[in-house]
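Me: I have a protein open here and would like to go through how its parts fit together. Can we take it step by step?

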Amino acid sequence: MKLGVIGTSWISDSFLESAKIVNKFDFVAVASPRMESVEKFQKKYGFKETYTDVSLMAEKSKLDVVYIATPNSFHYEQTKLFLNKKVNVICEKPITLSRSELIDLKETALLNGVFFIEAMRSLHHPNLKKLKEFIVDIKPFRHASFQFMRYSSKYDAYKNGEKPKVFLKEFGGGAVNDLGVYTLTTALYLFGKPLKVTSDSVILDTLVDASTVITLNYGTFLVTCSSSKVSNSYLMNEIQGEKESILLNHVTHLDKIIKVNDEGSCTLLDDRIDHDMQYEIKDFISIIENKDIQMFEEYLTYTLDVLEVIEKTRIK
Ligand SMILES: NC(=O)c1ccc[n+]([C@@H]2O[C@H](COP(=O)([O-])OP(=O)(O)OC[C@H]3O[C@@H](n4cnc5c(N)ncnc54)[C@H](OP(=O)(O)O)[C@@H]3O)[C@@H](O)[C@H]2O)c1
């Protein structure tokens, strides 16, 4: 398949290293605003075509799949542009900032006979399926807490008066859009849609959330999803039954799962997988090759459910 890549930051590197493992792509075209970084990618991965203008790439390049890793506010329009050119799209999270945009992308994809997915790495990770199997043993659930709180490498710049995109509303920045989406995806994958959503945030003067706690109420148990761009959390994620808990080290790495009770603890899984973006790539290729509308819709449903929760919070 002929692959195009938009954006040349470290996450595009990660994607391409995983893509090499999957070994299904010809690296055809790369685009980003600065030619200097585009040329660096061309040299490193052997792309044949380079662009600083995404519309030109959409116009000229003959692609089967494009991977989009640009600031959040560009995802919707860039995904739509390529779907309308009959190119399949794998786009970084959050693929859109609203449900209505996502529904529009679905209609656009179906109209053009192509597919897209959100590059939500945890959702395609084999250890997430294992976690779902492990937690059955500790039912009934009584509580769960997921956190992704990481002091942003760009926060010092923000404090020095600069305006990094990840802290700007017009670029779809903020803690929930960047990190909270992971915690919500895990929660909704494990427990389904909640009955009620509440939240609170600390808001920066750029009007994006520095940190947010979202509480999902399932009637008989609560799930808290915490995200922050201004502090680090070293806590394990936890799913509590009545007398035992399952601990998970990280919502995206998903490499260590432990069961614990008053008697002690036992490790259920200890399995760090490098290049874990290979799983979303493999799933997407399978959707495309098999024209698997059911699988396409299944992944879309998780994304829609996460957006529904976010729309119920005060982060807009
Ligand atoms: N899946 C994951 O684990 C993961 C991890 C990190 C980030 N992400 C996601 O990846 C995306 C990019 O994040 P980031 O922190 O890498 O952002 P970033 O550094 O601000 O930008 C990423 C790339 O997009 C380019 N770019 C900026 N505006 C563009 C435009 N209008 N058209 C085309 N390219 C444009 C940037 O070029 P310049 O350098 O010239 O600005 C850069 O190469 C976000 O959606 C984020 O949520 C995902």
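Reply: What follows is a short talk about the two domains and the contact between them, and please keep in mind that this is a predicted model.

Me: Ok, which residues belong to which domain?
Reply: The domain assignment gives residues 2-119 to domain 1 and residues 123-276 to domain 2.

Me: And how many residues does each one put into the contact?
Reply: Domain 1 brings 12 residues to the contact, while domain 2 brings 11 residues, and the centres of the two domains, taken over C-alpha atoms, are 27 Å apart.

Me: What area is buried between them?
Reply: About 880 Å² is buried between domain 1 and domain 2, and carbon and sulfur atoms account for 60% of that area.

Me: Which residues of domain 1 lose the most area there?
Reply: Those are Asn72, Ser73 and Lys93, which together make up 40% of what the domain 1 side buries.

Me: Switching topic, how many salt bridges cross the interface?
Reply: The rule finds 1 salt bridge across the interface of domain 1 and domain 2. The side chains of Lys93 and Asp178 meet in a salt bridge, with 3.2 Å from N to O, and between the two domains there are also 5 residue pairs in polar contact.

Me: Which elements supply the domain 1 side?
Reply: Both α1 (10-22) and β6 (116-118) supply at least two residues each to the side that touches domain 2, and the largest share, 3 residues, comes from α1.

Me: What about the classes of residue on that side?
Reply: Sorted by class, the side of domain 1 that touches domain 2 holds 6 nonpolar, 3 polar and 3 charged residues.

Conventions:
Residues are numbered from 1 along each chain as its sequence is written. This is a predicted model: local features need pLDDT of at least 70, side-chain atom pairs count only at pLDDT 80 or more; totals for chains, interfaces and linings use all residues. Side-chain values use heavy atoms; hydrogens and water are left out. Domain bounds come from an automatic or database domain assignment. Contact means heavy atoms within 4.5 Å. Buried area is the accessible area (1.4 Å probe) that two parts lose on being put together, summed over both. A salt bridge is a side-chain nitrogen of Lys or Arg within 4 Å of a carboxyl oxygen of Asp or Glu. A polar contact is a pair of N or O atoms within 3.5 Å; within protein, one must be able to donate a hydrogen and the other to accept it, and residues adjacent in sequence count only if both atoms are side-chain atoms. Helices (H or I, at least four residues) and strands (E, at least two) are DSSP runs, numbered from the N terminus. Ala, Val, Leu, Ile, Met, Phe, Trp, Tyr, Cys and Pro count as nonpolar, Asp, Glu, Lys and Arg as charged, and the others, Gly among them, as polar.
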